[in-house]
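Visitor: I am new to this structure. Please take me through one part of it closely, the core and the rings packed into it.

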Amino acid sequence: MEKILSVVIPVYNMEKYIRSCLESLLIEDILSDIEILIILDGSGDHSTDIAFEFAGKYPGTFRVIYKQNGGHGSAINTGVMMARGRYLKVLDSDDWVERAAFRNLVLFLRKTTADLVWNNYYWVHEGTGAVEIQYRDPFPWVSYGKVYDFFEIGDRTFIKMHSMTIRRELVLDTGIRIDEHCYYVDMEFAMYPIPLVKTVVFLDEYVYMYRIGRSGQSMMLERMRKNHRNHERVLNNLLDFYEDQKFRKASPSCLAYLERGIARVLSSHFKIYLSFPCSAQACQAMREMDERIRREYPEIYRKVENPGVWAIRKSGYLLYYPGHLCVRLRERKNAL
């Protein structure tokens with residue numbers, strides 16, 4: 001029987017969280033429609049035991065794939081190649097799905113032919129369990145359930161990996177593998193298939209439960225400082241991809257969408273620079289990075305929406321110093 005949806009779950013030493021992740025997917029009336037690929041990326045803790053427990057109990061749904069450690073991107077690449085479903089979704093092993101919304105997503109996938117399906121997601125704060133909505137709607141006046149020509153609305157929205165369910169064939173057709181042994185590759189996965197996407201539909205469902213504030217999480221500012229070279233590597237990969245799409249004469253709407261997405265990564269890189277110990281050298285490095293973007297990628301430079309970045313630019317980078325203070329104070333507050 002054809003699987004409608006493949007859920008790829010990269011796992012590296014997540015024994016504390018993986019059981020709740022996998023249990024959230026146990027919805028009886030859709031189990032035959034989905035396959036869950038648990039990619040054990042060199043994991044050495046009890047995650048392995050838990051993964052094989054589920055595969056033993058539900059062999060028609062759960063599959064375990066063990067590989068040498070290659071990082072989050074490597075696990076996703078493996079999952080994409082091994083998946084058999086018509087659609088593909090990535091679920092991190094410390095996150096989970098809201099069961100009713102996930103069921104509705106799968107039921108919708110049974111009947112749609114759209115290339116890309118968007119759903120909303122919640123941030124869930126580690127420790128407190130507080131739930132937060134980052135964006136209420138993908139863009140103003142969206143019609144949920146309507147199939148859009150993607151690039152008719154691409155300049156009004158941006159689709160993150162946690163919101164994305166995509167036809168697996170499109171991901172394979174890119175011929176591109178996302179970076180391995182590298183953090184922050186979510187944006188590569190979310191953007192590399194975009195030139196091939198023709199149709200998109202938006203569902204008013206909060207499917208993905210995204211855990212934030214976990215110690216050691218790659219998006220914690222402390223880890224972003226430590227791994228800033230990885231973040232820079234992803235930014236440069238996306239810039240190269242954008243240049244390649246310009247060379248291939250991608251449509252103006254496609255290029256505009258990529259520009260907005262890369263501008264988001266650029267804004268995050270500003271935040272990393274602002275979090276470094278305050279120094280004239282850090283300010284100069286940030287300025288040189290931004291000036292390179294302005295000179296070589298003016299369209300991306302102009303697409304930045306973060307008002308803090310524009311304030312720093314307009315001040316001649318003098319606002320780097322109070323900006324640094326604000327970022328470090330916020331980081332200290334979040335750590336309490």
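Guide: Start with the largest nonpolar core, in what is a predicted model. This core has 73 residues, and F150, I159, F189 and F202 touch the most other members. Helix α10 gives the most to the core, with 12 residues. Another core lies apart from it, with 43 residues. Among those 43 are I9, I30, I34 and Y121. In soluble globular proteins, nonpolar side chains tend to be buried together.

Now look at F150. Its relative accessibility is 0%, so F150 counts as buried. Leave aside the neighbours within four places in sequence. F150 is then in contact with L116, I159, I194, V197, K198, T199, V200 and Y257.

Next, the rings. The structure holds 19 aromatic pairs. One of them joins F150 and F151, and this pair is edge-to-face. The two ring centres are 4.8 Å apart, with 85 degrees between the planes. F151 has 18% relative accessibility; the cut-off for buried is under 20%, so F151 counts as buried.

Compare that with F158 and Y257. Their ring centres are 5.3 Å apart and their planes are at 25 degrees, so this pair is stacked. The pair links distant parts of the chain, 99 residues apart. F158 is in the loop between α5 (150-153) and β9 (164-167), while Y257 is in helix α10 (residues 252-275). Both F158 and Y257 are buried. Y257 is also one of the contacts of F150.

F202 turns up again here. Ring pairs link F202 into a cluster with W118, F139, Y144 and Y148.

Rings also meet charge in this model. The charged end of R313 sits over the ring of Y301, 3.5 Å from the ring centre. R313 lies over the face of W310 too, at 4.6 Å from that ring's centre.

R313 leads to helix α13, residues 307-314. The buried residues of α13 are V309, I312 and R313. They cover an arc of only 100 degrees around the axis, which puts them on the same side of α13. The face turned away from that buried side carries P307 and K314, which are exposed.

Finish with the two ends of this helix. At the start of α13, a side-chain oxygen of N306 reaches to within 2.8 Å of the backbone nitrogen of G308. After α13 comes G316, with a positive phi near 70 degrees.

Definitions and conventions
Residues numbered from 1 in each chain as written. Predicted model: local features only at pLDDT ≥ 70, side-chain atom pairs only at ≥ 80, totals over all residues. Heavy atoms only, no water. Buried < 20%, exposed > 50% of the residue type's maximum accessible area, 1.4 Å probe, protein only. Helix = DSSP H or I, 4+ residues; strand = E, 2+ residues; numbered from the N terminus. Arc of directions from axis to C-beta. Polar contact = N/O pair within 3.5 Å; in protein donor to acceptor, adjacent residues only side chain to side chain. Phe/Tyr/Trp six-rings, centres within 6.5 Å; stacked < 30°, edge-to-face > 60°. Lys NZ or Arg CZ within 6 Å of the ring centre and 35° of its normal. Core = buried A, V, L, I, M, F, W, Y, C linked by side-chain atoms within 4.5 Å. Contact = heavy atoms within 4.5 Å.
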